[in-house]
Each structure stands twice: as structure tokens, then as C-alpha cells.
Amino acid sequence: MNEIRSHKSAVAVVDRTDPYLSLGAGRVESDEFWRWGDDNLFPAALALMARRSTIHRRIINDKADYVSGKGFVCDEAQPRLAAFIRRANERESLRQVVNRLAYDKALFGNAFLEVATDPARSFLALWHQDASRCRVARDSARILLHHDWAAYRADEAKSLPLYPRFERQADGTLRTMIHYKDYEPMFEHYGVPAYIAGFGASAIAYKTDRWNISRLDNSFQLSGVLMLDASVGSEAEAERIARLAERKFAGNPGQVMFLIRDGSDEAPDNSRFIPIASQNEGDWRSLHEQAVGDIVVAHSWFRTLSGLDYGSGFSAERILHEYEVALNTVILAEQAELVEPIRELLRDTAGIDASSLAAVNRPPTRSKPIYMKVWEARKADGLGYDAEDPRQQLFLSEITKYNIRSIE
């Protein structure tokens with residue numbers, strides 16, 4: 001992961017040794033950009049790990065969903081801002097763009113936002129760019145985009161300046177890039193994901209899952225050595241006997257080693273199966289459970305918000321409590337980091353007052369029935385209430401419907 005000065009020509013060097021992060025690609029070195037990881041393929045390794053570890057991926061998905069919230073709302077007196085919330089570009093809403101930024105930031109510790117406008121500043125459009133396709137140029141003032149960094153070619157790369165510089169493109173638009181990154185000491189050009197200390201735990205969770213899959217493939221049969229007495233005249237005949245015994249006695253693919261001894265028709269048949277007993281099943285289970293707990297801690301996240309404790313009973317109160325803690329320690333801070341540059345863009349580039357732009361945060365469950373009135377809910381929470389106040393006569397279901405209409 002160190003950022004080391006590269007050689008002048010692009011050259012591929014294979015140096016992957018860990019099968020858990022095996023990518024099958026080489027290392028690309030060039031003096032045009034800062035390498036992201038020792039082999040410049042660190043994002044690909046992170047993406048592979050997220051695809052292989054179930055708990056790790058669930059937490060990343062959940063964090064992105066909670067950070068992007070249920071959408072965005074604004075002052076109804078700002079029609080241009082409301083229109084921008086509905087369409088941040090020609091296809092996506094602002095919530096969709098922020099959700100992808102939040103996902104990349106949770107996965108890679110970095111996220112990239114492409115911004116487009118025109119010389120007259122008549123419009124503003126935002127696009128998320130896949131962080132695995134982006135690298136910081138050597139001058140640290142530009143972002144290079146390439147479809148395959150394992151086979152980088154300068155003539156295939158796209159270059160955009162970092163905000164606040166805009167650069168005219170062939171289509172006449174002005175474009176720039178915003179680079180979000182998680183701070184980490186000793187890392188200047190790229191951020192480091194929050195779960196960096198949980199790499200080993202994620203690998204353990206993945207490998208214990210693979211162990212269970214191998215047991216299932218083997219039909220939960222004991223591993224061992226099957227010794228067969230048989231007269232064989234050639235290697236081909238021995239192979240045929242071994243395959244026949246594997247289909248008959250072992251699972252598919254099986255964890256049985258076959259030994260074939262020369263026998264005779266007169267000698268008794270001494271074929272037998274010698275099991276290899278394993279008493280470490282409990283150790284594997286506890287190792288997996290410890291790894292899952294370590295992954296949650298490394299992510300600075302919460303078990304119930306990732307569905308880990310539902311098997312022991314569904315507790316709405318605990319979910320609400322952990323959501324409140326997550327909201328005030330993780331979610332709001334991430335939202336502010338992602339949305340503040342967008343507010344600045346709207347103000348400085350499009351002349352739109354975006355101070356009222358806010359995310360809609362809603363807990364995953366409710367502790368109060370939707371047919372309860374506002375004053376009743378406030379009373380139940382120990383807050384001041386006025387049963388005669390018309391605003392507190394509304395049902396909670398009416399407030400929910402109002403919020404949904406605002407988001408839409």
C-alpha cells in the first residue's frame with residue numbers, strides 16, 4: 001500500500017502470493033500516476049474481498065444505505081434545488097449518486113465525483129465514477145480514469161482536473177473531479193478504508209465459510225485413507241479402480257485418499273477404510289464467530305444493524321438504540337463529508353442556495369404504532385406535550401406519508 005515512485009515505462013510484474021487476494025494480474029508501474037497499493041491493484045483486491053466475505057459485504061452495503069438515507073429534501077421555495085434533487089444527472093437522482101459515493105467510500109476509503117457544467121453555468125450535473133478506475137496523477141492536481149489498470153495505456157486514459165479547476169471537454173462542457181478520501185497518517189494521495197485492521201478477520205470468515213462448503217461437497221463424510229486390495233496390470237487400470245471407488249464410497253469431490261495394493265485371488269481381501277478423525281469442529285465455529293465480531297468492530301459498525309443477532313430474538317428497542325448511536329457517531333459525519341462539497345458546487349457553480357439541502361434519516365424499525373398520535377408519542381417518550389395542539393393531533397402514519405411524498 002505504500003506510494004513508491006514508479007519507473008518511467010509501464011511494465012507488468014506478477015507478485016500476488018495470497019490466494020485469498022489472488023487476482024491473476026500483474027503490477028503496473030508508470031511515472032504518470034501515484035500507485036494505489038504496491039502493485040497499483042489494491043482496489044481490485046478490496047473489491048474481491050468484499051465479494052468473498054458475506055459479513056464484510058453486508059456491512060458495506062448497510063453503511064452505504066444508511067449514509068445515503070431515504071433521500072434528500074429541501075426548502076420548497078427552492079424549485080431549482082428540488083429539481084436537482086430529483087435529477088442529479090439525466091438518469092439518476094441525488095440519492096442514487098450519493099449512495100454510490102457512500103458505497104465506494106465504505107469499500108475503498110475513497111470516492112470520486114465527476115462534475116459537469118457549461119461556460120454559462122446554465123446547468124450542473126454530477127456523476128459517480130467507480131473508484132477502482134481512478135488514480136491520482138503524479139502532479140496531484142488531476143485524476144486519471146482507465147478501464148483496466150492491470151494493462152494501463154496512456155492513450156486510453158481520461159484525465160480531469162481536481163476541483164475547483166474546471167477544464168473544457170470535446171463536447172463543450174466544463175468538467176472537474178472531487179476526490180473524497182478517509183484520512184490515514186503516512187498516506188497522502190489515497191485514503192485508507194476504516195476496516196483496514198480487519199483484513200485478517202475478513203479472510204478468516206471467508207476461509208471458514210469455504211471449510212463448511214468443502215464439508216458439504218464431501219457429503220459430511222469423514223476424511224481418511226481407503227486401502228484397496230486389487231491386482232492391477234497398469235497405471236490406467238489403477239486409475240480406473242480409484243475413480244470407481246471414489247464414485248461409490250466418497251463424496252463429490254471427496255476427501256478420501258486411495259491406496260491400491262497388489263493382491264492375489266488366493267489372499268483374503270484386506271481392503272479397509274482408515275478414518276482421519278477431527279476434533280476441531282468447535283474451534284472452527286468459535287474462530288468464525290470471533291472473526292465476525294472483529295469485522296464489525298473494524299468497520300466501527302453495530303451488530304443489529306447488520307442482521308447478526310436476529311437469531312437470538314428481534315429486539316426493536318436495541319435496534320433503535322444502536323441506530324441512534326450509529327446516526328450520531330458515523331452516519332451524520334459521513335453525510336456531512338459527502339454533501340458539503342455538493343452544497344458548495346451548487347452555490348459557487350450554479351448559483352443555488354443549498355443551505356436547506358438535507359438527508360432524510362429514518363430508523364430501520366419503529367417502536368411506536370403508526371396509529372398513535374404525536375402528543376401520545378411525546379408523552380410516551382417523557383417529552384412535553386399538548387393534547388390540544390392541532391399539530392400534535394396528527395397520527396404518526398400521517399407524518400410518515402408526508403415524508404415519503406417529500407422524498408418523491
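Here are a few questions and answers on the sheet and cores of this predicted model.

Residues are numbered from 1 along each chain as its sequence is written. In this predicted model, local features need pLDDT of at least 70 and side-chain atom pairs count only at pLDDT 80 or more, while totals for chains, interfaces and linings use all residues, and side-chain values use heavy atoms, without hydrogens and water.

Reader: In the open sheet of 3 strands, which strands stand at the edges?
Author: Happy to start there! Strands are DSSP runs of E, at least two residues, numbered from the N terminus, and two of them pair if DSSP finds at least two bridges between them. The order is S6-S7-S8, with antiparallel pairing. Each edge strand has a single partner, so one side is left without a neighbour in the sheet: these are S6 (134–136) and S8 (158–161).

Reader: Which residue of S7 is the bridge partner of Arg135?
Author: S6 is joined to S7 (residues 142–145) by 3 bridges. Cys134 has Leu145 as its partner. For Arg135, the partner is Leu144.

Reader: On the faces of S7, are the residues buried or exposed?
Author: Good one! Buried means under 20% relative accessible area and exposed over 50%, partly exposed in between (1.4 Å probe, protein chains only). Arg142 and Leu144 lie on one side, Ile143 and Leu145 on the other, and all are buried.

Reader: In the hairpin of S6 and S7, which residue takes a positive phi?
Author: The hairpin has 5 residues between the strands. The one with a positive phi near 60 degrees is Ser140.

Key:
Helix = DSSP H or I, 4+ residues; strand = E, 2+ residues; numbered from the N terminus.
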